[in-house]
Structures are given as C-alpha cells and as structure tokens.
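Here is a short walk through one protein chain. Keep the structure in view and follow each stop in turn.

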Amino acid sequence: MASEELQKKLQRRLAIEEQDSQGEVPGSADEPSRDCQEQEKEATANADQELYEKLTRRLSINDGTTQTKQVKVFNPYTEFKEFSRKQIKAMESMFKLYDSGKDGYIDLMELKLMMEKLGAPQTHLGLKNMIKEVDEDFDGKLSFREFLLIFRKAAAGELDEDSGLLALAKLSEIDVSIKGVKGAKEFFEAKVKALSVISTFEAELKDEQNERKHQEFEKKQRRAAFRELQASFEQ
C-alpha cells in the first residue's frame, strides 16, 4: 500500500513538471494554482526521499552491510542464577502486586505505596534515591529486572544499612539470606560456591513438572469417579 501511494505521488510530480515545461502565462488568476503546485512538489519531494531511503536500506540489508535490530529478551532465571526459581517467582508476584498500572513498571507513586504497606514509609526524596540506585536506563521507574537488582545488591551486601532498598528487601519476606552489610558479601559468595546453580535449577524445574503431572493425574481420577457415579444414576 505504501509503495502504491509513493508511485502515485511520483506520477503527480511528473505531471506538474510537464506543465511547468510548457511555460504557463503568469497572472493573478494562476497564483492559487501555483501555490497548490508548490505544495505538491514539496510533498512528492518528501515521498522521493522516503522511497529512496527505504530502497537504500533494503539493498543494504540484502548486501549484508546493514544489520537488522535484535531485541534482547530478558530471562530472569538465566541472568539471576544466584536465586532459585521459587525466589524469583516470589519477587515477580510482589512486583506484579504493586504494579497497579499493569504496565510492567513500578513508578514513584507505586513504590511509595509499597514502602507504606511494608511499614517503612519514605520521603519523596528518599523514594527518588531508591529508584536512582538501580535505575539503569534512567527512566525514573523500576522494571522487573531493576527490581531484581535490589535483592541482588542486598544479598551481596552492597546496600547501606539506612538504604530504603535494604529495608524493602528485608521486609519483603522473600528469603535471599540477607544478613546486613557486615559479612553479607562473604556469606553470599560462600553460598554461591556451595551450591551448584545449574543442578538446583534443573531440580526445581523437575519438581514443577512432577507437580503438574500429579495434578493432572488427580484431575483424571476425579473425572473417572464422576463418570462412574453418573453411570450408576443412569442405570
């Protein structure tokens, strides 16, 4: 559709240029039509440039000189391997609970409500500082990834004792082995070394699969019992 529209504009431009080459007699009555012609020329010139840029980009992509943009998919389980699937799901549930706008972010007002609910209300400046501490893209709000960074920093002992983020992590009731600043980093590193992240991940995934199978089996049993009961009434 866009290419057809560009073609029509180019055809109109050619027609206008042909009229100009015939040399029209100037006069006051022709002034409005000339204004229209000028507007048409400008519009078709923009169409020419747009078509040229599209064709140039397409040729560059075909030649391999231009790479198409690739969207990086965020996977919390692979990026935050220090946390178990259960912990990450608990963090996700908490994030969604306070994301009242359902836009995938926790803004300043939603963070304010969260801290009040947790029993650690913050000042306006304190809330802004909390966001700033993990706001990697500088958009003034918390994405889920930045929310997970709070717990990573807390578990690694990278937050000050009076930090609002540390209060958030401690009061969230999500066990990430937070022991404050003193000795927390050593404890965190020892825990990482002691656990095999890959095996833990696989074990949790297997447990989830077994749980789903068990639930499906129970569902089939209930259906079979219901059919037997129904059949006994029909006899």
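Start with R85. This arginine is buried, because its relative accessible area is 10% and the cut-off for buried is under 20%. R85 also has a charged partner. Its side chain meets that of E208 in a salt bridge, with N and O 2.9 Å apart. The two residues come from distant parts of the chain. R85 sits in helix 4 and E208 in helix 10, and their positions lie 123 residues apart in the numbering. So the first stop already ties two helices together, since a salt bridge needs a side-chain nitrogen of Lys or Arg within 4 Å of a carboxyl oxygen of Asp or Glu.

Now step back to the whole chain. The model is a predicted one. Its secondary structure comes to 10 helices and two strands. Read from the N terminus, the order is α-α-α-α-β-α-α-β-α-α-α-α. The chain has 235 residues, and buried ones make up 26% of them.

Which residues have the most contacts inside the largest nonpolar core? They are M94, L111, M114, F147, F151 and L168, in a core of 33 residues. Several helices build this core. Helix 4 (85-98), helix 5 (108-117), helix 6 (124-134), helix 7 (144-155) and helix 8 (164-171) each supply at least two of its residues. Helix 7 gives the largest share, with seven residues. A general tendency fits here: in soluble globular proteins, nonpolar side chains tend to be buried together.

Helix 8 deserves another look. L171 is found in this helix. Is L171 buried, partly exposed or exposed? It is partly exposed, because its relative accessible area is 36%, while buried means under 20% and exposed means over 50%. The C-alpha atom of L171 is 9.1 Å from that of M115. Along the chain, L171 and M115 are 56 residues apart.

Return to the salt bridges. How many does a search of the whole structure find? The count is nine. The pair of E208 and R85 has already been described. Another joins R145 and E136, whose side chains meet at 2.5 Å, N to O. R145 is partly exposed, with a relative accessible area of 23%. E136 also counts as partly exposed, at 48%. Salt bridges that share partners join E79, E136 and R145 into one network. A further salt bridge links E161 and K170. Their closest N and O atoms are 3.8 Å apart. K170 counts as partly exposed, because its relative accessibility is 44%.

Next, look at the loops. K102 lies in the loop between helix 4 and strand 1 (105-106). Its phi is near 55°, a positive value in a residue other than glycine. K102 is exposed, because its relative accessible area of 61% is over the 50% cut-off. F138 also has a positive phi, about 55°, and is not a glycine. Its place is in the loop between helix 6 and strand 2 (142-143). Is F138 buried or exposed? F138 counts as exposed, at 73% relative accessibility.

The last stop is the surface charge. K219, K220, R222, R223 and R227 gather there in a patch of positive charge. One of them, R223, is found in helix 10, which covers residues 197-234. R223 is partly exposed, with a relative accessible area of 48%. That value is enough for a place in the patch, because patch residues need over 30% relative accessible area and no salt bridge. Helix 10 is also where E208 sits, the partner of R85 in helix 4. The walk thus ends on the helix that holds the partner of its starting residue.

Notes
Residues numbered from 1 in each chain as written. Predicted model: local features only at pLDDT ≥ 70, side-chain atom pairs only at ≥ 80, totals over all residues. Heavy atoms only, no water. Patch = residues over 30% accessible without salt bridge, like charges linked within 9 Å, V, L, I, M, F, W, Y side chains within 5 Å. Areas by Shrake-Rupley, 256 points an atom, 1.4 Å probe, with all protein chains shown as cover. Lys, Arg positive; Asp, Glu negative; His and termini not counted. Charge placed at Lys NZ, Arg CZ, Asp CG, Glu CD. Helix = DSSP H or I, 4+ residues; strand = E, 2+ residues; numbered from the N terminus. Buried < 20%, exposed > 50% of the residue type's maximum accessible area, 1.4 Å probe, protein only. Core = buried A, V, L, I, M, F, W, Y, C linked by side-chain atoms within 4.5 Å.
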